[in-house]
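Visitor: I would like to go through this structure and hear the reason behind each label. Please show it first.

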Amino acid sequence: MDDHGRSTRKRTGGRLRPNSDRKKHQLGRQPAETTLGESQLRTIDARGNTVKIRALSVENANVAVGDETVEVEIEDVVENEADPNYARRNIVTKGAVIATSEGDARVTSRPGQTGQVNAVLVEE
């Protein structure tokens with residue numbers, strides 16, 4: 001079960017009020033929702049001295065085949081457990097199953113955070 005923060009009620013049934021309002025630095029960002037197509041990257045400043053690279057769209061994936069890694073073209077998004085609509089809309093996220101020339105592969109990287117798609121072949 002997801003953690004949705006502190007309960008709004010005490011054990012006795014009384015109401016708990018939040019200690020503070022939400023701050024600007026606690027806000028999240030919109031998801032990248034990486035699609036298939038000509039590669040498009042965008043850099044985002046992150047906390048500290050970090051830069052994140054958002055992949056807005058990708059066309060290639062690094063697929064682990066045995067002991068070596070092969071760069072292949074992504075043909076289609078077969079399945080995406082994050083959201084069934086993502087598979088229909090060809091959105092690539094971590095855990096998505098993609099169709100490649102080497103066969104079906106599961107994405108192990110986070111394209112919206114790292115800007116690249118790494119995957120391993122799915123044994124059927």
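Visitor: Which residue in β3 is the bridge partner of Leu41?

Guide: The model is a predicted one. In it, Leu41 has Ala55 of β3 as its bridge partner.

Visitor: How do you know that β2 and β3 pair?

Guide: Two strands count as paired if DSSP finds at least two bridges between them. β2 and β3 (residues 51–58) have 6 bridges in the antiparallel sense, so they meet that cut-off.

Visitor: What makes β2 and β6 edge strands?

Guide: The sheet is open, with 4 strands in the order β2-β3-β1-β6 and mixed pairing. β2 (40–45) and β6 (91–92) each pair on one side only.

Visitor: Why is Arg54 called buried?

Guide: Buried means under 20% relative accessible area. Arg54 comes out at 11% relative accessibility, so the residue counts as buried. Its place is in strand β3.

Visitor: Which residues is Arg54 in contact with, leaving aside neighbours within four places in sequence?

Guide: Arg29, Ala32, Gln40, Leu41, Arg42, Ile44, Pro111, Gly112 and Gln113. Arg6, by comparison, is 48 residues from Arg54 in sequence, and their C-alpha atoms are 32 Å apart in space.

Visitor: Why is Glu33 called partly exposed?

Guide: The partly exposed class lies between the buried limit of under 20% and the exposed limit of over 50%. Glu33 has a relative accessible area of 27%, so it belongs in that class. The residue lies in the segment before β1 (34–36).

Visitor: Why is Asn90 called partly exposed?

Guide: The reasoning is as for Glu33: Asn90 has 24% relative accessibility, and therefore counts as partly exposed. Asn90 lies in the loop between α1 (84–88) and β6.

Visitor: What makes the backbone at Glu33 and Asn90 worth a remark?

Guide: Most residues other than glycine have a negative phi. Glu33 is not a glycine, yet its phi is positive, at about 45 degrees. Asn90, also not a glycine, has a positive phi of about 55 degrees.

Visitor: Which residues have the most contacts inside the largest nonpolar core?

Guide: That core has 15 residues, and those with the most contacts inside it are Ala61, Val63, Ile74, Ile98, Val107 and Val117. Two or more residues each come from β3, β4 (60–65), β5 (68–79) and β8 (103–107). β5 gives the most, with 3 residues. In soluble globular proteins, nonpolar side chains tend to be buried together.

Visitor: What is Ala61 in contact with, beyond its neighbours within four places in sequence?

Guide: Its partners are Val70, Glu71, Val72, Ile74, Ile98 and Val117.

Visitor: How do you know that both faces of β7 are covered?

Guide: In a regular strand the side chains alternate between the two faces of the sheet. In β7 (residues 97–100), Val97 and Ala99 lie on one side, Ile98 and Thr100 on the other, and all are buried.

Visitor: How do you know that β7 pairs with β5 and with β8?

Guide: The cut-off is at least two bridges. β7 is joined to β5 by 4 bridges, antiparallel, and one bridge pair there is Asp76 with Ala99. β7 and β8 are also antiparallel, with 4 bridges, and Val97 stands opposite Arg106 in β8. β7 and β8 form a hairpin with 2 residues between them.

Visitor: How do you know that β9 pairs with β4 and with β8?

Guide: Each pairing has to reach at least two bridges. β4 and β9 (residues 118–121) have 3 bridges in the parallel sense, with Val63 opposite Ala119. β8 and β9 have 3 bridges and run antiparallel, with Ala105 opposite Leu121.

Visitor: Which residues are closest to the centre of the largest pocket?

Guide: Pro31, Ala32, Arg110, Gly112 and Gln113, out of the 16 that line the pocket. The volume of the pocket is about 270 Å³. α2 supplies the largest share of the lining, 3 residues, and both β3 and α2 (111–114) supply at least two.

Visitor: How many of the lining residues are nonpolar, polar and charged?

Guide: The lining has 5 nonpolar, 5 polar and 6 charged residues.

Methods. Residues numbered from 1 in each chain as written. Predicted model: local features only at pLDDT ≥ 70, side-chain atom pairs only at ≥ 80, totals over all residues. Heavy atoms only, no water. Core = buried A, V, L, I, M, F, W, Y, C linked by side-chain atoms within 4.5 Å. Buried < 20%, exposed > 50% of the residue type's maximum accessible area, 1.4 Å probe, protein only. Contact = heavy atoms within 4.5 Å. 1 Å grid on protein atoms, 1.4 Å probe; cavity = no way out; pocket = protein on both sides within 12 Å on 5 of 7 lines; lining within 4 Å. Points joined across faces, edges and corners; volume = space filled by probe spheres on them. Nonpolar A, V, L, I, M, F, W, Y, C, P; charged D, E, K, R; others polar.
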